[in-house]
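Thanks for coming. I will walk through one structure this morning, starting with the core and ending with the backbone. Please have the sequence and the model open.

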Amino acid sequence: MRLKLVGTDGAQSFELREGPPLVVGRAPNSDIPIFDPTISRRHAEVECGDDGFAIRDLGSSNGTYVNGERVTHRALAPGDVLTFGKVSFRVTEAPDLPPPPPRTSPAHATPDTGPRPSGTIRRQLSASGTRGLLSSRLRGPDITASPTDDASQDERRLALLVEIAKGLSGAVDINSLLDKIATYVFQIFDADRVAINLLGDTGEMVPKISRDRRGTEAGRTVPQSIARKVIQEKVAVLTDNAPEDERFGGQSILLQSVRSAMCAPLLGTDHEVQGVLYVDNQAATHQFGDEDLDFLVAFSGIGGVAIENSKFGERIRKEALVRSNFERYFAPSLAARIASSPDAVRLGGDKRAIAVLFSDIRGFTALSESMNPDDMATLLSEYFTEMVDCVFRHGGTLDKFMGDAVMAQWGAPIAAEDDADRAMTAALDMMHGLDELNKKWRAAGKPALQIGIGLNYGEAFAGNIGSERRLEFTVIGDAVNTASRLCSAADGGEILLTDEMRRALRHPPKLKERAPMELKGKAQPVPVYSVVRK
């Protein structure tokens with residue numbers, strides 16, 4: 001006796017036959033794949049032996065039930081209701097397969113001159129073959145006519161290919177593109193189901209679409225034996241009676257009740273397989289003909305290139321997003337170099353010599369208490385914009401804002417021989433830029449700002465710190481802390497720098513030595529210099 005599992009919603013059915021146990025689960029490679037969040041990856045298995053059929057739960061999270069009772073092992077009989085998680089099937093007897101009906105040729109096809117070996121056709125698919133098929137058909141004189149009889153089915157389909165190419169070119173992302181491909185398939189073929197699998201980054205098959213003619217998810221994958229042949233040999237296949245086809249011995253064909261089926265590789269411009277396009281009919285054998293396979297080859301060629309272009313476009317959009325994010329912290333020229341590096345975003349970092357700049361506003365707390373919040377926000381936006389422009393203008397990296405303070409550094413992730421000079425020039429530019437802002441603000445009756453700046457040069461850890469979900473590129477270490485403390489010690493309008501920074505400068509400005517300062521974390525007073533501004 002043969003049994004069949006039929007979904008209570010009618011969307012899924014699986015045939016059970018004697019042989020090895022059949023694994024039921026959410027994993028795509030399950031013998032009975034059921035894509036539902038209440039199903040475990042390995043949920044249960046159906047034992048198919050001489051004594052009949054039985055179900056065994058495999059330690060699933062949401063349980064296996066027979067007629068509403070949770071079970072670990074139970075024999076199955078016709079009429080039982082078998083539930084995995086929240087997905088239910090009715091156990092029914094499967095009728096014996098009738099012999100295949102004689103082949104009837106479509107009106108538009110050349111009559112068969114004899115039976116096909118094993119009831120199948122296999123077509124090698126190459127770029128030249130696909131282009132030849134399209135170009136020869138497209139040269140037909142009546143492609144734009146309005147055909148009314150069966151003899152002009154070719155012309156209608158070729159005209160549809162032109163519309164398909166236009167339609168697929170307008171898809172904005174890979175998901176909408178695959179949805180369009182599935183929709184077109186049902187317009188073209190008398191199919192019960194369409195499925196699309198794409199190749200993942202490591203070469204594994206990733207199910208993307210599995211849909212029946214009603215538009216509901218079919219919950220079944222492309223039979224592995226068919227997909228494997230199509231991908232490995234880059235051929236399109238047509239099978240008239242899949243269960244009897246000696247090339248395809250996989251259990252998935254029997255379980256999914258496949259009768260007539262076609263499958264073609266989705267090839268990109270360089271013959272690189274993007275995935276497979278699969279259509280089948282579960283009710284009848286000999287459902288698809290030679291012309292159907294020809295059309296599927298042409299259609300899959302268009303679809304494969306469209307998928308490749310969509311992936312390329314998505315990669316460009318991601319790179320643009322990465323670059324725009326980098327440009328918030330790095331000078332544009334530096335951001336472009338970082339975005340093009342495959343190691344730009346990763347955990348970890350290294351030690352390197354950097355020049356560090358800290359600046360903050362003097363008397364900011366008192367100022368914020370006396371100003372309207374909106375006016376303060378406008379003032380700070382103008383101030384920070386000018387300060388960041390100064391940093392970027394001299395090739396620096398904006399590390400972060402800390403309240404009213406700005407932290408920037410030169411030397412990471414890409415170092416230059418004049419990093420110290422760039423940092424010093426940026427500091428002078430920041431002071432000059434603030435002077436110009438103060439002139440404008442005083443004329444508008446707004447308060448003027450004063451800042452102090454601290455500069456240091458030394459070794460620090462530089463890299464992406466955080467988690468895989470949120471990274472922050474920063475520098476940490478004693479060199480950074482010293483620059484911060486010098487900034488705090490600077491008077492309004494003053495630029496202080498360490499002796500290490502002074503010695504790193506190739507073209508130092510006029511400096512004045514100040515008395516060594518005692519800074520937190522330092523055992524000895526630190527030699528300090530002040531920039532003499534003209």
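Before the core, one cut-off: two residues are in contact when heavy atoms lie within 4.5 Å. What you have in front of you is a predicted model.

With that cut-off, take Ile-453. Not counting residues up to four places away in sequence, Ile-453 touches Leu-357, Phe-358 and Ser-359, then Ala-427, Met-430 and Met-431, then Cys-487, Ala-490, Glu-494, Ile-495 and Leu-496.

Ile-453 belongs to the largest nonpolar core, a set of 40 residues. Together with Tyr-383 and Leu-455, Ile-453 is among the residues with the most contacts inside that core. Which elements give two or more residues to this core? On the strand side they are β18 (348–361), β20 (405–410), β21 (451–466), β23 (495–498) and β25 (526–531). On the helix side they are α8 (364–370), α9 and α10. Another core lies apart from this one. That other core has 31 residues, including Ile-188, Leu-238, Ala-264 and Phe-288.

Now the chain as a whole. The chain has 534 residues, of which 47% are buried. The secondary structure comes to 12 helices and 25 strands. Of the contacts with a separation of 6 or more, 60% are between residues 24 or more positions apart. The exposed area is about 26100 Å², and carbon and sulfur atoms supply 50% of that area.

Next, charges. Side chains of opposite charge can pair when their charged atoms come close. How many salt bridges does the structure hold? The count is 20.

I will start with Arg-393. Asp-429 forms a salt bridge with Arg-393, with the closest N and O atoms 3.0 Å apart. That pair links distant parts of the chain: Asp-429 sits in helix α10 (residues 419–443), Arg-393 sits in helix α9 (residues 373–393), and the two are 36 residues apart. Arg-393 also meets Glu-386 in a salt bridge, at 4.0 Å from N to O. Are these two acids buried or partly exposed? Asp-429 is buried, with a relative accessible area of 18%. Glu-386 is partly exposed, at 22%. Those two values sit on either side of the cut-off, since buried means under 20% relative accessible area.

A further salt bridge joins the side chains of Arg-422 and Asp-418, 3.0 Å from N to O. Both partners are partly exposed: Arg-422 has a relative accessible area of 32%, and Asp-418 has 27%. There is also a network, in which salt bridges that share partners join Glu-382, Lys-440 and Lys-446.

On to the rings. A pair of aromatic rings is described by the distance of the centres and the angle of the planes. Searching the whole structure gives four aromatic pairs. One of them is Phe-384 with Phe-401, a tilted pair at 4.6 Å centre to centre and 50° between the planes. Phe-384 lies in helix α9 and Phe-401 lies in strand β19 (residues 397–402), so the pair ties together parts that are 17 residues apart in sequence. Phe-384 counts as buried at 14% relative accessibility, while Phe-401 counts as partly exposed at 42%. Elsewhere, Phe-14, Phe-84 and Phe-89 form one aromatic cluster.

Last, the backbone. Most residues other than glycine have a negative phi, and most peptide bonds are trans. Here are three places to look at against that background.

Where is Pro-413 found? Pro-413 is in the loop between β20 and α10. The peptide bond leading to Pro-413 from Ala-412 is cis, with omega near 5°.

Asn-67 is not a glycine, yet its phi is positive, at about 55°. Asn-67 has its place in the loop between β7 (64–66) and β8 (69–71). Its relative accessible area is 47%, which makes Asn-67 partly exposed.

Lys-234 also has a positive phi, near 50°. Lys-234 lies in the loop between α4 (224–233) and β15 (235–239). Lys-234 is partly exposed as well, with a relative accessible area of 29%.

That is the end of the walk-through. I will take questions now.

Note on methods:
Residues numbered from 1 in each chain as written. Predicted model: local features only at pLDDT ≥ 70, side-chain atom pairs only at ≥ 80, totals over all residues. Heavy atoms only, no water. Helix = DSSP H or I, 4+ residues; strand = E, 2+ residues; numbered from the N terminus. Buried < 20%, exposed > 50% of the residue type's maximum accessible area, 1.4 Å probe, protein only. Areas by Shrake-Rupley, 256 points an atom, 1.4 Å probe, with all protein chains shown as cover. Phe/Tyr/Trp six-rings, centres within 6.5 Å; stacked < 30°, edge-to-face > 60°. Core = buried A, V, L, I, M, F, W, Y, C linked by side-chain atoms within 4.5 Å.
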